[in-house]
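This report walks through one protein structure step by step. Keep the sequence and the 3D view open while reading.

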Amino acid sequence: MAIKMRFLYYSKQAKMKALGELIKKEFDLAANYNAIDIIPPAYSCQKERLVILGISSKNDIDDVVRRFCSELNKERASNIALVMDGNEATANKVIATLKDAGSNVIEDVQYLPCGLFKSKITDEEKTTLLAWAHDIIDNKLA
């Protein structure tokens, strides 16, 4: 399935990048394209069909993430989805920032713990994440 999408993450946990690699492999995202990058990315988003943001945050969103999200409008990304290592209140702050920028935010947030002792992706997490991503692509894109 060819879709113009990226996985951008803001986390010190290696698991978050590994989740991006899993998405990249599953959807066969182009190798020469910056399909996985940190926030803020080296190359800006431009007319992406889907951007999945992987964010680790305990209580409040970091200013770097807030500023990046405030610039993600429909010209840069048609749809935004979230993978959160954090709580619902933090996810809601990110969603509000994205909506203020004019993004179409898919409110089905995937919560996956990426803490120090949870560095490997379990088979259950792989299955859950990939089912979530397929559901978004198949049913929820604007």
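The text below covers the strands, one helix residue, the salt bridges and the main pocket of this predicted model.

**Strand E4 and its neighbours**

A useful place to start is strand E4, which spans residues 79-86. Of its 8 residues, 7 are buried, so E4 is largely enclosed by the rest of the structure. Buried here means a relative accessible area under 20%.

Which strands pair with E4? Strand E3, residues 50-57, runs parallel to E4 and is joined to it by 7 bridges. Within this pairing, Leu 53 has Leu 82 of E4 as its bridge partner. The two strands are also part of a larger arrangement: E3, helix H2 (residues 63-70) and E4 form a β-α-β unit, and the unit is right-handed.

Strand E5, residues 104-105, is also parallel to E4, with 2 bridges between them. Here Ile 80 is matched with Val 105 of E5. Strand E6, residues 110-111, pairs with E4 in the parallel sense as well, again over 2 bridges. In that pairing, Met 84 stands opposite Tyr 111 of E6. When looking at any of these strands, remember that in a regular strand the side chains alternate between the two faces of the sheet.

**Strand E1 and its neighbours**

Strand E1 covers residues 5-10. Is E1 mostly covered or mostly open? It is mostly covered, since 5 of its 6 residues are buried. E1 runs parallel to E3, and 6 bridges join the two. One residue to find in this pairing is Tyr 10, whose bridge partner in E3 is Ile 55.

E1 is also joined to strand E2, residues 36-38, by 3 bridges, and these two strands run parallel. In E2, Ile 36 is the bridge partner of Phe 7. E3 therefore has a bridged pairing with E1 and another with E4.

**A buried glutamate in helix H4**

Helix H4 spans residues 123-140 and contains Glu 125. Is Glu 125 buried or exposed? Its relative accessible area is 12%, and because this is under 20%, Glu 125 counts as buried. Leaving aside residues up to four places away in sequence, Glu 125 touches Lys 15, Leu 112, Pro 113 and Lys 120.

**Salt bridges**

Side chains of opposite charge can pair when their charged atoms come close. In this model the count comes to 9 salt bridges. The table gives some of them, with the distance between the N and O atoms.

| Salt bridge | N to O distance |
|---|---|
| Arg 66 and Asp 63 | 2.5 Å |
| Asp 63 and Arg 67 | 3.0 Å |
| Glu 71 and Arg 76 | 3.8 Å |

Asp 63 appears in the table with Arg 66 and again with Arg 67. Asp 63 and Arg 66 both lie in helix H2, 3 residues apart, which is about one turn of the helix. Asp 63 and Arg 67 are 4 residues apart in H2, so they too are separated by about one helical turn.

How accessible are these side chains' residues? Asp 63 is partly exposed, with a relative accessible area of 37%. Arg 66 is partly exposed at 36%, and Arg 67 is partly exposed at 42%. For the remaining pair in the table, Glu 71 has a relative accessible area of 45% and is partly exposed, while Arg 76 is partly exposed at 29%. Salt bridges with shared partners link Asp 63, Arg 66 and Arg 67 into one network.

**The largest pocket**

What is the volume of the largest pocket? It is about 220 Å³. The lining of this pocket is made of 12 residues, and those nearest its centre are Tyr 10, Ser 11, Lys 12, Gln 13 and Ser 56. Two or more lining residues come from each of the elements E1 and E3. These are the two strands that run parallel and are joined by 6 bridges. Tyr 10 links the two topics: Tyr 10 is one of the residues nearest the centre of the pocket, and Tyr 10 is also the bridge partner of Ile 55 in E3.

How values were computed: Residues numbered from 1 in each chain as written. Predicted model: local features only at pLDDT ≥ 70, side-chain atom pairs only at ≥ 80, totals over all residues. Heavy atoms only, no water. Buried < 20%, exposed > 50% of the residue type's maximum accessible area, 1.4 Å probe, protein only. Right-handed = clockwise from strand over helix to strand, strands pointing away. Contact = heavy atoms within 4.5 Å. Salt bridge = Lys/Arg side-chain N within 4 Å of Asp/Glu carboxyl O. 1 Å grid on protein atoms, 1.4 Å probe; cavity = no way out; pocket = protein on both sides within 12 Å on 5 of 7 lines; lining within 4 Å. Points joined across faces, edges and corners; volume = space filled by probe spheres on them.
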